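Here are some exercises to work through with the model open beside you. Try each task before reading its solution.

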Amino acid sequence: CWGNIKDRGKAINAYISVEDKDYLQQQASEAQTRWFKGQAKSVVDGVPIAIKDNICTERMTTTCGSKMLEGFESPYDATVVKLLRDAGALIVAKCNLDQFGMGSHNVHSHFGHVKNPKNTDGHFHFSLESLPSHQRSAGGSSGGSAAAVAADLCFAALGSDTGGSVRLPASYCGIVGFKPSYGRISRRGLIAYANSLDTVGILAKDTHDAELIYDILSKYDKQDPTSMLPSMRERIEQEYADYYDKMDLDSLKGVRIGVPQEYRVKELDESIMEIWRMGIQKLQKLGATIVPISLPNTQYALPAYYILALAEASSNMARYDGMRYGHTAEKTTSDLLYADARTEGLGAEVKRRIMMGTFALSAGHYEDHFLPAQKIRRLVQTDFNNVFCMPNPLLDDAVADLSNASKVHAIITPGAISTAPLISKCIPEVDDPTQHTSVKSVDGFIDDVMTVPASLAGMPAITVPAGKSTVDGWPVGLQLLAQYGDEKTLLHVAKLFQ
Ligand code: GLN
């Protein structure tokens with residue numbers, strides 16, 4: 001089984017490193033004994049789980065998909081990894097990703113592209129070299145995590161979602177990608193891309209499996225200053241208790257689901273529109289009331305995201321100085337040490353983003369770019385607060401509006417504007433950050449248009465497989481969103497919908 005995991009993982013390039021065979025066997029047999037004795041640590045005791053390689057693990061390396069951290073061994077396990085190990089899970093491998101989480105198609109990894117393991121005939125192909133037509137993007141940046149789950153190389157995988165990196169690959173690979181509310185799951189040990197947006201997310205075959213992992217990870221962590229406080233967790237439970245108690249677990253009766261008109265962007269494929277329509281009908285059949293809603297600032301979310309995320313990234317990346325850890329240039333001089341380490345260690349996309357982020361923060365441009373983007377972020381949050389009947393627990397004066405028929409419990413949108421594109425269409429022609437010709441890199445930003453609004457607002461969101469495109473037969477995911485902190489409603493809707 002281990003050999004299988006390793007070989008198949010290699011064929012689709014899902015894994016950057018795989019755990020030692022003997023160690024895994026030992027762990028697995030200990031778990032088996034616990035199950036026989038009726039002493040299993042949790043439902044995932046002995047279950048194989050893979051981890052995106054920007055999440056620190058004491059065993060195996062943590063590379064962030066970059067030469068800069070090639071061979072880096074973390075001195076500690078991220079809180080999420082520790083929680084999984086404590087629950088008995090087997091951490092089997094570290095998953096490929098776009099360098100530092102920057103990308104949408106997993107084509108910006110120092111360790112090569114991840115290939116989408118799905119095929120239109122429903123079978124997996126593990127020798128993809130001979131089948132160029134199957135070399136589709138697995139999505140990014142958690143492409144390795146999504147591909148590993150889709151190809152049955154693990155039960156579930158952790159990814160990180162800053163602007164959609166869990167949800168987009170899940171849509172492309174026909175699996176579930178769940179990004180909980182910002183702060184629900186600890187970020188300690190998740191290597192920062194854009195701190196105010198970064199969230200650990202879960203990739204799994206279905207919503208039930210994702211929920212199992214979520215229940216293990218959704219804990220307050222005092223070592224993460226942005227972790228949702230226990231008092232907030234309790235407040236959410238208490239405030240919604242009445243509503244949750246009345247929730248009909250077998251249907252969506254009494255649940256109002258919003259369809260935001262602004263998500264009908266011109267880039268949206270007709271085949272995705274069709275599945276969106278079918279998804280809405282399915283929700284209706286399950287008893288939900290469909291409500292057309294408006295989120296007027298959605299159109300500004302994508303540019304605002306790319307200013308804020310890149311600005312934060314440019315400051316986060318300053319720590320890679322070639323001195324404390326990470327790549328050091330061999331032939332360098334003391335005054336060029338920093339520049340040489342970064343020139344050699346960081347990939348083209350990362351450099352491009354550092355430049356754009358630094359520009360947005362620089363004197364004179366800060367007011368023109370960064371500040372307006374911050375304001376848009378607030379407007380996007382307000383849009384959501386205006387349509388949800390659940391109050392946003394982050395706002396002191398927010399009140400529930402449960403009986404208002406124009407307000408909704410959840411929202412449904414497409415998960416992506418198209419099915420998985422060909423990898424060849426995602427690779428910049430000239431991957432040189434100093435050249436203007438790499439327009440494709442910016443073109444790729446549009447693929448995040450469905451997912452970034454929830455990231456800016458910190459809302460929980462999940463993409464679930466909803467069918468196959470009638471045009472190319474590839475999987476299509478739809479996205480469900482709920483109010484900040486309202487994972488319960490979100491998972492309830494997703495479980496019935498899938
Ligand atoms: N594609 C988006 C970006 O490159 C999102 C990445 C992510 O969520 N890590 O910023």
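The exercises below go from the annotated site to the sheet.

This is a predicted model, where local features need pLDDT of at least 70, side-chain atom pairs count only at pLDDT 80 or more, and totals for chains, interfaces and linings use all residues. Residues are numbered from 1 along each chain as its sequence is written.

**Exercise 1.** Find the residues that the UniProt annotation "active site" covers, and decide whether they gather at one spot.

Step 1. The unreviewed UniProt entry lists Lys52, Ser141 and Ser165; such annotations may be inferred rather than shown by experiment.
Step 2. These residues span 114 residues in sequence, yet no two of their C-alpha atoms are more than 10.9 Å apart, so they gather at one spot.

**Exercise 2.** Is Ser141 buried or exposed? Place Ser141 and list its contacts too.

Step 1. Look in the loop between β3 and α4 for Ser141 (helices are DSSP runs of H or I, at least four residues, and strands of E, at least two).
Step 2. Ser141 has 35 other C-beta atoms within 10 Å, so Ser141 is buried (20 or more count as buried, 12 or fewer as exposed).
Step 3. Not counting residues up to four places away in sequence, Ser141 touches Leu97, Asp98, Gly101, Met102, Gly103, Asn106 and Ser165 (contact: C-beta atoms, placed from the backbone, within 7 Å).

**Exercise 3.** Identify the edge strands of the open sheet of eleven strands.

Step 1. Write down the order, β1-β3-β2-β4-β6-β5-β10-β11-β9-β7-β8, with mixed pairing (strands pair if DSSP finds at least two bridges between them).
Step 2. The edges are β1 (15-18) and β8 (289-293), each pairing on one side only.

Key: Contact = placed C-beta atoms within 7 Å.
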